[in-house]
Amino acid sequence: NRLPRQKHTEGGRAEYLLLWASGSLRTQMNESFELAKALANHSTLPVVVLVVMDLNEFKGASMRQIHFYLEGVVAFEENLKKQGIQMCFRVEAAEKSSKVACCNLLGNDTLTGFVSNAWVLVTDRRHSRYSRKVIKHVANVSECPVVDVESRLIAPIEHAGGQLKSNSSAFASNLRTYVERHSVSPIEVSAQTSSSGIDTSTLGMTNVVSPSANRQELMYLCQSSGISSEVEPLSASLPGGEPEALAKLQQFSSLLKSGPSAAESAKLMFHGKILPYITFGFLSPRTVLRQCWAPGDYTGDVVFSQLAMREM
């Protein structure tokens with residue numbers, strides 16, 4: 001219920017619209033990204049995108065998953081630069097207790113957080129128990145409005161409803177409605193909303209500020225957070241990032257067109273080569289359905305059933 005901060009051009013503190021995009025690292029079919037751009041155009045303020053690698057989310061993970069994620073962050077930054085949007089990368093160290101710090105966003109006694117100069121904070125909705133705890137904490141403490149947008153599921157949980165999830169046919173019908181009626185149109189940022197000149201070098205924890213540089217410090221933080229280094233990355237066969245996700249999706253679509261005999265192979269490819277990109281936010285499930293789903297065809301059963309299982 002908070003009002004946006006007064007802009008710095010009007011004597012206030014707000015210098016940018018902040019998109020906290022740790023869960024949906026893509027520029028296509030990204031609801032939170034499109035809302036951020038629309039609000040930035042409305043406010044005539046630049047968009048700053050903050051990606052926080054929260055190591056609390058990676059507890060029990062391996063370096064394979066870390067590398068996959070970081071490759072996606074690099075690709076996301078490259079795509080944002082093409083639109084004149086600055087991306088900032090920060091790392092949130094794992095907490096030994098159940099405490100939620102969010103130092104990069106909120107700051108502390110010695111750090112200035114990114115929300116300190118934000119007009120509005122937009123973020124992609126999270127679904128794990130820890131993630132919901134984090135966003136609730138940020139919304140309670142932040143002095144600017146916080147808007148969380150569903151960017152990971154086809155149908156927002158509050159719209160799907162528990163009664164639909166208990167009825168698979170009704171739930172499937174509800175998902176079809178969202179795919180057919182709800183689209184995400186890309187918005188171009190106006191000239192004045194370019195954030196390439198915004199100085200963010202002093203915001204948040206600045207020991208690691210790049211997914212490709214500061215590697216030694218980053219690897220130390222990962223290892224000290226209990227992340228296993230025994231599993232090798234799959235960069236050669238399964239690189240992370242939106243461009244790679246779209247390339248794999250094209251291969252998947254071609255496989256589906258081979259006919260019903262390829263159904264089992266398509267299911268295996270979906271779980272091994274498509275689902276990881278959806279899970280890490282490099283690929284929208286809407287994009288998968290729009291490109292691969294042919295209602296009434298066998299592909300509807302292969303693609304739709306797998307995504308419906310994920311949503312339920």
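A residue counts as buried when its relative accessible area is under 20%. Keep that cut-off handy for these exercises on a predicted model.

**Exercise 1. Find what share of the protein's residues count as buried, and how much surface is accessible.**

Solution.
- Step 1: Apply the cut-off to each of the 312 residues of the protein; 53% count as buried.
- Step 2: Turn to the outside. The accessible surface of the protein comes to about 14,300 Å², and 50% of that surface belongs to carbon and sulfur atoms.

**Exercise 2. Work out how far you can trust the model, and which elements have the lowest and highest mean pLDDT.**

Solution.
- Step 1: Start with the whole protein. Its pLDDT averages 82, and 81% of the residues score at least 70.
- Step 2: Now go through the elements, which are 12 helices and five strands. Helix α6 (residues 162-165) has the lowest mean pLDDT, at 50, while strand β1 has the highest, at 95.
- Step 3: Draw the lesson. Where pLDDT is low, don't read the predicted coordinates in detail.

**Exercise 3. Place strand β4 (residues 118-124) in its surroundings: which strands does β4 pair with, and is it enclosed or open?**

Solution.
- Step 1: Look at strand β1 (residues 16-20). β1 and β4 are paired in the parallel sense, over four bridges. To spot the pairing, find L19, whose bridge partner in β4 is V122.
- Step 2: Look at strand β5 (residues 146-149). β5 also pairs with β4 in the parallel sense over four bridges. Here L121 has V146 of β5 as its bridge partner.
- Step 3: Trace the chain from β4 to β5. Together with helix α4 (residues 129-141), these two strands make a β-α-β unit, and that unit is right-handed.
- Step 4: Check burial. Seven of the seven residues of β4 are buried, so the rest of the structure largely encloses this strand.

**Exercise 4. Describe the largest nonpolar core and say which helix gives the most to it.**

Solution.
- Step 1: Count its members: this core has 60 residues. Those with the most contacts inside it are V49, V51, M53, Y69, F89 and F252.
- Step 2: Find the main helix. Helix α2 (residues 63-81) gives the most to this core, eight residues in all.
- Step 3: Zoom in on F252. Leaving out residues up to four places away in sequence, F252 touches A266, M269, F270, I274, C292 and V303.
- Step 4: Look elsewhere too. Another core, of 20 residues, lies apart from the largest one; W20, A118, V138 and C144 are among its members.

Methods: Residues are numbered from 1 along each chain as its sequence is written. This is a predicted model: local features need pLDDT of at least 70, side-chain atom pairs count only at pLDDT 80 or more; totals for chains, interfaces and linings use all residues. Side-chain values use heavy atoms; hydrogens and water are left out. Buried means under 20% relative accessible area, exposed over 50%, partly exposed in between (1.4 Å probe, protein chains only). Two strands pair if DSSP finds at least two bridges between them. A crossover is right-handed if, with the strands pointing away from the viewer, the path from the first strand over the helix to the second runs clockwise. A nonpolar core is a set of buried Ala, Val, Leu, Ile, Met, Phe, Trp, Tyr and Cys residues joined through side-chain atoms within 4.5 Å. Contact means heavy atoms within 4.5 Å. pLDDT is the predictor's confidence in each residue, from 0 to 100. Accessible areas come from the Shrake-Rupley method with a 1.4 Å probe; for residues, only the protein chains shown count as cover.
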